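Please open the model in a viewer and display the backbone together with the side chains. The tour below proceeds by selection, from the whole chain to single residues.

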Amino acid sequence: MEKKNTKPAKLKIRKGDLVKVIAGDSKGSQGKIVEIIIDKNRAIVEGANMVSKHTKPNAANPNGGIVKQEAAIHISNLALVEPSTGKTTRVGRKLNDAGKLVRVSKKSGEEIK
């Protein structure tokens, strides 16, 4: 039995974040998040999980052929890279002095921009 009208989970990563792939064929590669697909809990990471796509000739590509492009990766296989140290970290949420809910690094406790 499938649940209906369920809200997607609150994601801890956002578009533009630097992440490291921690599982799968692209394990170890780093890149910025280009797009997030919230319904499927997946993200497209620049330069990671490259696949070959066969394309028909069109106006943009008159010859068609095989194009390399990024495919979506499940967010459980991604870890946020902390900007100050360059190491991966988990993400928490905390109220700052202004009373706004911000993302916080679990390793250093610093706010993530």
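Contact here means heavy atoms within 4.5 Å. The model on display is predicted.

**Starting selection: isoleucine 22**

Select isoleucine 22, which is found in the loop between β1 and β2. Setting aside residues up to four places away in sequence, isoleucine 22 is in contact with Lys27, Ser76, Asn77, Leu78 and Ala79. Draw a distance from isoleucine 22 to serine 76: the two are 54 residues apart in sequence, and their C-alpha atoms lie 8.6 Å apart. Because its relative accessibility is 39%, isoleucine 22 counts as partly exposed.

**The whole chain**

Next, zoom out and colour the chain by secondary structure. The chain contains 10 strands and zero helices, and the order along the sequence is β-β-β-β-β-β-β-β-β-β. Its radius of gyration is 17 Å, well over the 13 Å that the globule rule gives for 113 residues, so the chain is more spread out than a compact globule. Along the principal axes, the C-alpha atoms fill a box of roughly 55 × 40 × 25 Å.

Switch to a surface representation. The accessible surface of the chain is about 8400 Å², and 50% of this belongs to carbon and sulfur atoms. Of the 113 residues, 26% count as buried. Among contacts with a separation of 6 or more, residues 24 or more positions apart account for 36%.

Now colour the surface by charge. How many positive and negative side chains does the chain have? There are 24 positive and 11 negative side chains, and the centres of the two sets lie 4 Å apart.

**Residues 12-39**

Select residues 12-39. UniProt, in an unreviewed entry, places the feature "domain: KOW" at this span. The span is 43% strand and 0% helix, and its end C-alpha atoms are 14 Å apart.

**The loop between β1 and β2**

Remain with the loop that holds isoleucine 22 and select lysine 27, which is located in the loop between β1 and β2 as well. Is lysine 27 buried or exposed? Lysine 27 counts as exposed, because its relative accessibility is 60%. Apart from neighbours within four places in sequence, lysine 27 is in contact with Val21 and Ile22. Draw a distance to leucine 78, which is 51 residues from lysine 27 in sequence: the C-alpha separation is 9.2 Å.

Move on to serine 29, in the loop between β1 (18-21) and β2. With a relative accessibility of 22%, serine 29 counts as partly exposed. Which residues does serine 29 touch, not counting residues up to four places away in sequence? They are Val19, Lys20, Val21 and Ala48. A distance drawn from serine 29 to isoleucine 13 reads 17 Å between C-alpha atoms, for a sequence separation of 16 residues.

**Two asparagines with positive phi**

Most residues other than glycine have a negative phi. The next two selections are therefore worth inspecting with backbone torsions displayed, beginning with asparagine 41, whose phi is positive, near 55°, against the negative value that most residues other than glycine have. Asparagine 41 is placed in the loop between β2 (30-37) and β3 (42-45). At 22% relative accessibility, asparagine 41 counts as partly exposed.

Continue along the chain to asparagine 49, in the loop between β3 and β4 (50-55). Although not a glycine, asparagine 49 has a positive phi of about 55°. Its relative accessibility is 23%, so asparagine 49 counts as partly exposed.

**Final selection: arginine 90**

Where is arginine 90? Select it in the loop between β8 (88-89) and β9 (91-95). Arginine 90 has a relative accessibility of 63% and therefore counts as exposed. Show its surroundings: leaving aside neighbours within four places in sequence, arginine 90 is in contact with Val104, Ser105 and Lys106. As a last distance, join the C-alpha atoms of arginine 90 and leucine 80, which are 10 residues apart along the chain and separated by 6.7 Å in space.

Terms used: Residues are numbered from 1 along each chain as its sequence is written. This is a predicted model: local features need pLDDT of at least 70, side-chain atom pairs count only at pLDDT 80 or more; totals for chains, interfaces and linings use all residues. Side-chain values use heavy atoms; hydrogens and water are left out. UniProt positions are given in the numbering used here, feature names are shortened, and annotations may be inferred rather than shown by experiment. Helices (H or I, at least four residues) and strands (E, at least two) are DSSP runs, numbered from the N terminus. The radius of gyration is taken over C-alpha atoms; the globule rule is 2.2 Å times the number of residues to the power 0.38. Buried means under 20% relative accessible area, exposed over 50%, partly exposed in between (1.4 Å probe, protein chains only). Accessible areas come from the Shrake-Rupley method with a 1.4 Å probe; for residues, only the protein chains shown count as cover. Lys and Arg count as positive and Asp and Glu as negative; His and the chain ends are not counted. The place of a charge is taken as NZ of Lys, CZ of Arg, CG of Asp or CD of Glu.
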